[in-house]
Amino acid sequence: MMQLPELPYDKSALEPHISARTLEFHHGKHHKAYVDKGNELLQGTGLENEDIETVIRKIAGDSSKAALFNNVAQVWNHTFFWNCMKKGGGGKPAGKVAERIAADFGSYEKFVEAFKAGGVGQFGSGWVWLVDNGGKLEVMKTPNAENPLHHNKKPLLVADVWEHAYYLDYQNRRVDFLSAFVDNLINWDFVEANLG
Ligand code: MN
């Protein structure tokens with residue numbers, strides 16, 4: 001059984017970039033609904049006691065379990081997303097992450113350009129990720145609930161580009177949300193920890 005995790009910060013901690021009202025709905029309603037529906041759909045599958053990453057890898061691509069996949073992957077994606085942000089985050093990273101970004105993208109600025117282009121270019125709902133693909137950092141976009149785990153890529157960072165992530169604060173201006181995310185919210189310590 002999955003549980004809705006607590007946000008790793010206060011609901012107003014990310015203001016003015018993400019409002020408490022957005023987090024109230026995004027975490028308290030959307031994320032919670034994925035947990036509740038996912039738990040309901042897990043019943044009787046024999047996967048009830050597996051950890052969530054195992055479930056995602058096992059059922060990805062199985063069309064008979066598409067609804068379960070969508071809900072379980074959305075639970076994982078949102079928990080990961082909350083941890084990708086912190087108050088006073090964003091801007092240029094330092095240390096190992098900075099070195100890897102410079103090596104694989106050419107510069108921090110080129111990474112930002114690629115990340116925002118990935119997020120804006122995701123048609124409809126989805127996610128934009130920074131992943132480690134066999135030792136090389138790349139930007140990856142995924143539709144709906146999909147994530148890098150079942151593509152054998154290691155997720156390092158994600159931004160949610162579903163409209164529910166930004167519409168109350170930015171309306172249709174997804175690029176402004178992505179700019180605020182990159183400049184003011186990214187928790188680079190979390191990204192560095194994910195590098196392993
Ligand atoms: Mn979301």
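Begin by selecting helix α8, residues 188–195, in this predicted model, and colour W188, F190, V191, N194 and L195, which are buried. These residues cover an arc of only 155 degrees around the axis, which puts them on the same side of α8. An α-helix has 3.6 residues a turn, so residues three or four places apart point the same way. Now turn to the face of α8 that points away from the buried side, where D189 and A193 are exposed. To see what the buried residues of α8 pack against, display α3, α4 (95–105), α5, β1 (126–133), β2 and β3.

Two of those elements, α3 and β3, lead on to the metal site. Which residues coordinate the manganese ion? Select H26, H78, D160 and H164: the three histidines each contribute NE2 and the aspartate contributes OD, at 1.9 to 2.1 Å from the manganese ion. Along the chain, the donors follow the spacing H-x51-H-x81-D-x3-H. H78 lies in helix α3 (residues 66–83) and D160 in strand β3 (residues 154–160), so this pair ties together parts that are 82 residues apart in sequence. Are these two donors buried or exposed? H78 counts as buried because its relative accessibility is 0%, and D160, with a relative accessible area of 0%, is buried as well.

Keep α3 on display and add helix α1, residues 20–42, whose axis comes within 8 Å of that of α3 and crosses the α3 axis at roughly 140 degrees. The crossing of these two helices is left-handed. On the α1 side, the contact is made by L23, H26, H27, H31, A33, Y34, V35, K37, G38, L41 and L42, while α3 brings A67, L68, N71, Q74, V75, H78, T79, F81 and W82. The metal donors H26 and H78 are thus among the residues of this contact. By class, the residues where α1 meets α3 divide into 11 nonpolar, 8 polar and 1 charged.

The next helix pair to select is α5 (residues 108–121) with α7 (residues 174–185), whose axes come within 10 Å and cross at roughly 145 degrees. Here the crossing is right-handed. Show Y108, V112, F115, K116, G119 and V120 in α5, and opposite them R174, V175, L178, S179, F181 and V182 in α7. The contact of α5 with α7 has 8 nonpolar, 2 polar and 2 charged residues.

Finish with three points in the backbone. In the segment before α1, find P16, which is joined to E15 by a cis peptide bond with omega of about 5 degrees. Then move to the loop between β2 (136–143) and β3, where N144 is placed; this residue has a positive phi of about 50 degrees although it is not a glycine, and it is partly exposed, with a relative accessible area of 42%. The last stop is Q171, in the loop between α6 (167–170) and α7. Q171 likewise has a positive phi of about 50 degrees without being a glycine, and at 34% relative accessibility it counts as partly exposed.

Methods
Residues are numbered from 1 along each chain as its sequence is written. This is a predicted model: local features need pLDDT of at least 70, side-chain atom pairs count only at pLDDT 80 or more; totals for chains, interfaces and linings use all residues. Side-chain values use heavy atoms; hydrogens and water are left out. Donors are N, O and S atoms within 2.8 Å of the metal (3.2 Å for Na, K and Ca); water is not among the atoms, so sites may look incomplete. Helices (H or I, at least four residues) and strands (E, at least two) are DSSP runs, numbered from the N terminus. Buried means under 20% relative accessible area, exposed over 50%, partly exposed in between (1.4 Å probe, protein chains only). Axes are lines fitted to C-alpha atoms, for helices over the stretch in contact, and angles run from 0 to 180 degrees between N-to-C directions. A crossing is left-handed if the near helix is turned anticlockwise from the far one by less than a right angle, and right-handed if clockwise. Contact means heavy atoms within 4.5 Å. Ala, Val, Leu, Ile, Met, Phe, Trp, Tyr, Cys and Pro count as nonpolar, Asp, Glu, Lys and Arg as charged, and the others, Gly among them, as polar. The arc is that of the directions from the helix axis to the C-beta atoms.
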